[in-house]
Amino acid sequence: MTLVRNIIFLLLTLFYSISQAQKSTTIEATIVDIVTEEPLPFTNVIIENTSIGTISNEEGVFELTVSSTYAKSNVIFSFVGYQNKSVPLEKFKDPKQKVYLESASTSLDVIVLEAKNKYQEYISEAIQNIPTNYAQSATYLDSYYRELTHIDGSYTKFTDAATTLYYTPYTEKFNPFVAKATYMRFDQRDSNKRNTPFPDPIDLIGAPGDQAKILSVRKSDNLQKFKTLEHTEKTATIDPSDLQWLENNEIGGGPLRLSGADKVKRKIDFLSPKNYRDYLFKLHKKSSYNNRPVYIIDFAPKDTTKCLAKYQGQLTIDEESKAIITFYYKPAKLCKKSLRQKFGTHLKTPNSIQSTKKMTFIKRTTTLMDFTTKVTYSFFDGKWYLKSIKNTNYYRNTGDLFDTYRAMTRSELLIHNMRTSNVKPFSIPETFDTTFTNSLFKTPSHYDPEFWKNYSTIVPTGIVEEALKDLESENSLEEQFLHEKK
């Protein structure tokens, strides 16, 4: 009888342990400057001694759902120019509470460095140390990805996805010609659908060996309330604010395309062993990150008469290891025109216009006018890993019978966990076909509220207040997710 009791006790203990392991807890707070109380957007939030984490949104707010296994762990907050802060996870009781970060002091020895003008030397060392500082084997990156479309002053489309990336190591050689050929695939089905994706910056192309597996997708049907092209037969004029003409504009390529901005991995442009000498590097200031001294370095083309160097921006480099921990870039003024990609499409002219204009088809052209991209990395187990990529594109749309209108797209990839054990490529049926015409918004999906309830994302779903106001003008995003059109 005692043996039976012991077995029952062990089984109950095991069941309790398993049930406890399956539980999760969600914490939420706003990260602010301790003096000004201004929010600190895109602050790194990590569970201590793990790769599990998130970043705060534009308002400094974060939300993180973690297993109860980490209930006794600390949450580490890090932001360039501020001292790290450690807070026990169990201290997060009120979602309205604030986390205060204190500014870090900087050393005056930057004056010596400036006199020696060693900035280009620092970049050279940073490039040479990439194989040492970053992941040397393939990694699973558990990620959150989102897309927003903004047209003529209003946000019109939103979709996000939980995804896992199979990410090849930083030691592999990147072939831009193979990558472009793979990404720019186009077949008859795309032509039949008259797909015209927004043109992306030329280097937003994932490496051919990388893969994306989509776990779940949510979509806002805000745009779908507008008339489709087939419903415009009685149209006498074309109003550019009537979004029936914009239905075929999608953000192509899905989450993996953004990884093309990881120039540390690709070693191109201002991080190319051959091309970085075309840039002028200038110290912006000395600061700190993760309680370590860092240099924040501005860069721009050295020759302002030719487009030899395409970009300008800023790099943050760890002083000791020379690891690049964050950077942002945009087209240099002289190179904007040469970087303007264009996509055009022919649309059937409504019958009412054909009779007067004698035009069977009309043309619309979407031109990429400008863009900005920011990339960050996080440190785990002795190596740096991709943490986030944010890209904003600006467009001008023109064409036959169209008035000019402007559009903007925002895309963001956030890695909330890295896995380095038992990493293997996905089977082909599991992967998202990353081509420039394949749209995440049009991916067949079924919204699973329970999945998203326990999934860590940027709050609220990473969308700023202005976007929420536009997207939820008629009903909430949750209602749109639940009633999405298949």
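# Reading the terms in this model

The protein exposes about 23,300 Å², and carbon and sulfur atoms supply 53% of that area. The areas come from the Shrake-Rupley method with a 1.4 Å probe, and for residues only the protein chains shown count as cover.

This is a predicted model, in which local features need pLDDT of at least 70 and side-chain atom pairs count only at pLDDT 80 or more, while totals for chains, interfaces and linings use all residues. Residues are numbered from 1 along each chain as its sequence is written, and side-chain values use heavy atoms, with hydrogens and water left out.

Q: How many helices and strands does the protein have, and what makes a stretch count as one?
A: The protein has 11 helices and 18 strands. Each is a DSSP run, numbered from the N terminus: H or I over at least four residues for a helix, E over at least two for a strand. Helix H4, for example, covers residues 130–133 and includes Asn-133.

Q: Why is Ala-212 called buried?
A: Ala-212 has a relative accessibility of 1%. Buried means under 20% relative accessible area, exposed means over 50%, and partly exposed is in between (1.4 Å probe, protein chains only). The value is under the first limit, so Ala-212 counts as buried. Of the 486 residues of the protein, 52% count as buried.

Q: What does Ala-212 touch, and what makes that a contact?
A: Ala-212 is part of strand S10 (residues 211–220). Leaving aside residues up to four places away in sequence, Ala-212 touches Thr-163, Thr-164, Leu-165, Pro-255, Leu-256, Glu-430, Thr-431 and Phe-432. These count as contacts because heavy atoms lie within 4.5 Å. Ala-212 and Tyr-167 are 45 residues apart in sequence, with 8.7 Å between their C-alpha atoms. Across the protein, among contacts between residues at least 6 apart in sequence, 70% join residues at least 24 apart.

Q: Why is Asn-133 called buried?
A: The relative accessible area of Asn-133 is 10%, which is under the limit for buried, so the term applies. With residues up to four places away in sequence not counted, Asn-133 touches Ser-321, Lys-322, Ala-323, Lys-383 and Trp-384.

Q: Why are Asn-291 and Phe-42 put in the classes they have?
A: Asn-291 is at 52% relative accessibility, over the upper limit, and is therefore exposed. Phe-42 is at 27%, in between the two limits, and is therefore partly exposed. Asn-291 lies in the loop between S11 and S12, and Phe-42 in the loop between S1 and strand S2 (44–47). Asn-291 has a positive phi of about 60° although it is not a glycine. Phe-42, also not a glycine, has a positive phi near 60°.

Q: What makes strands S1 and S4 a pair?
A: Strand S1 (residues 24–33) is joined to S4 by 7 bridges, and the two run antiparallel. Two strands pair if DSSP finds at least two bridges between them, so S1 and S4 qualify. In this pairing, Thr-30 stands opposite Val-61 in S4. The open sheet that holds them has 3 strands in the order S4-S1-S7, with mixed pairing.

Q: Why are S4 and S7 called edge strands?
A: Strand S4 (61–67) and strand S7 (98–101) each pair on one side only.

Q: Why is the pair of Tyr-279 and Phe-299 called edge-to-face?
A: The structure holds 32 aromatic pairs. In this one, the ring centres are 5.8 Å apart and the planes stand at 80°. Rings of Phe, Tyr and Trp (its six-membered ring) pair if their centres lie within 6.5 Å; planes under 30 degrees apart are stacked, over 60 edge-to-face and the rest tilted. Both values meet the limits, so the pair is edge-to-face. Tyr-279 lies in strand S11 (residues 279–289) and Phe-299 in strand S12 (residues 292–301), so the pair ties together parts 20 residues apart in sequence.

Q: Why is the pair of Phe-281 and Phe-299 called tilted?
A: Its centres are 6.3 Å apart and its planes are at 45°, so it is a pair but neither stacked nor edge-to-face. Phe-281 is in strand S11 and Phe-299 in strand S12, 18 residues apart. Phe-281 is buried at 4% relative accessibility, and Phe-299 is buried at 3%.

Q: How do you know that the charge of Arg-218 sits over the ring of Trp-452?
A: The charged end of Arg-218 is 3.8 Å from the ring centre of Trp-452. The term requires NZ of Lys or CZ of Arg within 6 Å of the ring centre and within 35 degrees of the ring normal. Lys-157 lies over the face of Phe-441, at 4.3 Å from the ring centre.
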